[in-house]
Amino acid sequence: MASTKTSCLLVVSSNKEGVPAQSFIHAFTLTHSAFSVQLASPEGRPIDFANQDEGSKRWLNEFRTKPFSTPIKLDTVVASRYSALLVVDCPGALYDLALNTQLAQILQHFIIEKKPICAVGQGVSAFCGVQTLENINKWALAGYCLTGPSVCELARTPGFASLPIVIEDYVKDNGANYSGSVPDGVHVVVDRNIITGQNEASTLTAVQNLILLCNARQGKALTK
């Protein structure tokens with residue numbers, strides 16, 4: 001009997017900064033092979049893809065013909081329906097995901113239920129608005145070890161001085177432990193049910209770990 005795929009919520013930004021094409025393609029292709037994938041964003045409109053080359057343009061043109069290519073709005077998401085959550089690397093996450101109330105509630109559900117969550121690059125900022133149920137002034141990821149874009153990586157980008165959040169600083173200032181590698185190096189941290197990737201280059205390795213964590217969780221559930 002064929003097994004039914006579990007569901008993964010893949011969250012992207014609706015901000016004008018767009019979503020890096022190659023990072024999205026890697027993330028979607030890998031998750032789509034293992035899960036039933038649902039895209040979601042704050043505004044629920046077609047994704048603006050950045051940094052496209054000829055190969056990614058062809059892939060995205062085909063992708064846009066699929067019914068699942070347009071995200072649903074975050075405020076329509078029922079978190080209990082999903083077994084995994086992935087926030088891809090997208091610069092706009094700093095502006096429309098970092099303090100998004102609906103996404104914070106979804107992430108809070110996943111953290112409480114210990115469901116696997118993966119965030120890559122600037123997508124790690126999605127965690128910034130999640131507080132504990134017991135204390136609204138305490139970050140829900142205090143005590144975790146996380147990675148994300150380092151100060152050195154961000155300092156090379158235009159507009160660094162005006163960024164609303166610098167992830168490395170936020171993690172350290174709010175009671176979590178930051179782990180970083182060399183700029184542009186592949187670096188992934190797994191701490192309990194939370195997987196974080198430092199940058200776009202870490203996308204594949206981070207998503208592979210998400211799939212492995214979900215498979216391990218499913219295996220434990222079947223043996224109970």
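Helices and strands here are DSSP runs, numbered from the N terminus. With that in hand, this predicted model can be toured through its empty spaces, plus one loop residue. There is one cavity of 30 Å³ or more, the largest pocket comes in at about 480 Å³, and the second largest pocket holds about 260 Å³. The loop residue to look at is T132, which sits between β7 (117–120) and β8 (145–146).

**The cavity**
- The largest cavity has a volume of about 50 Å³.
- Its lining takes in V12, S13, S14, N15 and G18, along with S41, R45, P46, I47 and D48.
- Sort that cavity lining by class and you get five polar residues, three nonpolar and two charged.

**The largest pocket**
- About 480 Å³ of volume belongs to the largest pocket, and 23 residues line it.
- If you want to find its centre, look for D89, P91, Q122, L154 and T157, the lining residues that lie nearest to it.
- Two elements give two or more residues to this lining: α3 (93–96) and α5 (151–155).
- The lining of the largest pocket is a mix of nine nonpolar, eight polar and six charged residues.

**The second largest pocket**
- This pocket has about 260 Å³ of space and a lining of 11 residues.
- Nearest the centre of the second largest pocket are K114, R192, N193, L213 and R217.
- Both α4 (101–113) and α7 (203–223) put at least two residues into the lining.
- Of the contributing elements, α7 gives the most to this lining, with four residues.
- Class by class, the second largest pocket is lined by six nonpolar residues, four charged and one polar.

**T132 in its loop**
- Where does T132 sit? It is found in the loop between β7 (117–120) and β8 (145–146).
- Is T132 buried or exposed? T132 has a relative accessible area of 16%, and the cut-off for buried is under 20%, so T132 counts as buried.
- Which residues does T132 touch, leaving aside those up to four places away in sequence? The contacts are Q108, K138, W139 and A140.

Terms used. Residues numbered from 1 in each chain as written. Predicted model: local features only at pLDDT ≥ 70, side-chain atom pairs only at ≥ 80, totals over all residues. Heavy atoms only, no water. 1 Å grid on protein atoms, 1.4 Å probe; cavity = no way out; pocket = protein on both sides within 12 Å on 5 of 7 lines; lining within 4 Å. Points joined across faces, edges and corners; volume = space filled by probe spheres on them. Nonpolar A, V, L, I, M, F, W, Y, C, P; charged D, E, K, R; others polar. Buried < 20%, exposed > 50% of the residue type's maximum accessible area, 1.4 Å probe, protein only. Contact = heavy atoms within 4.5 Å.
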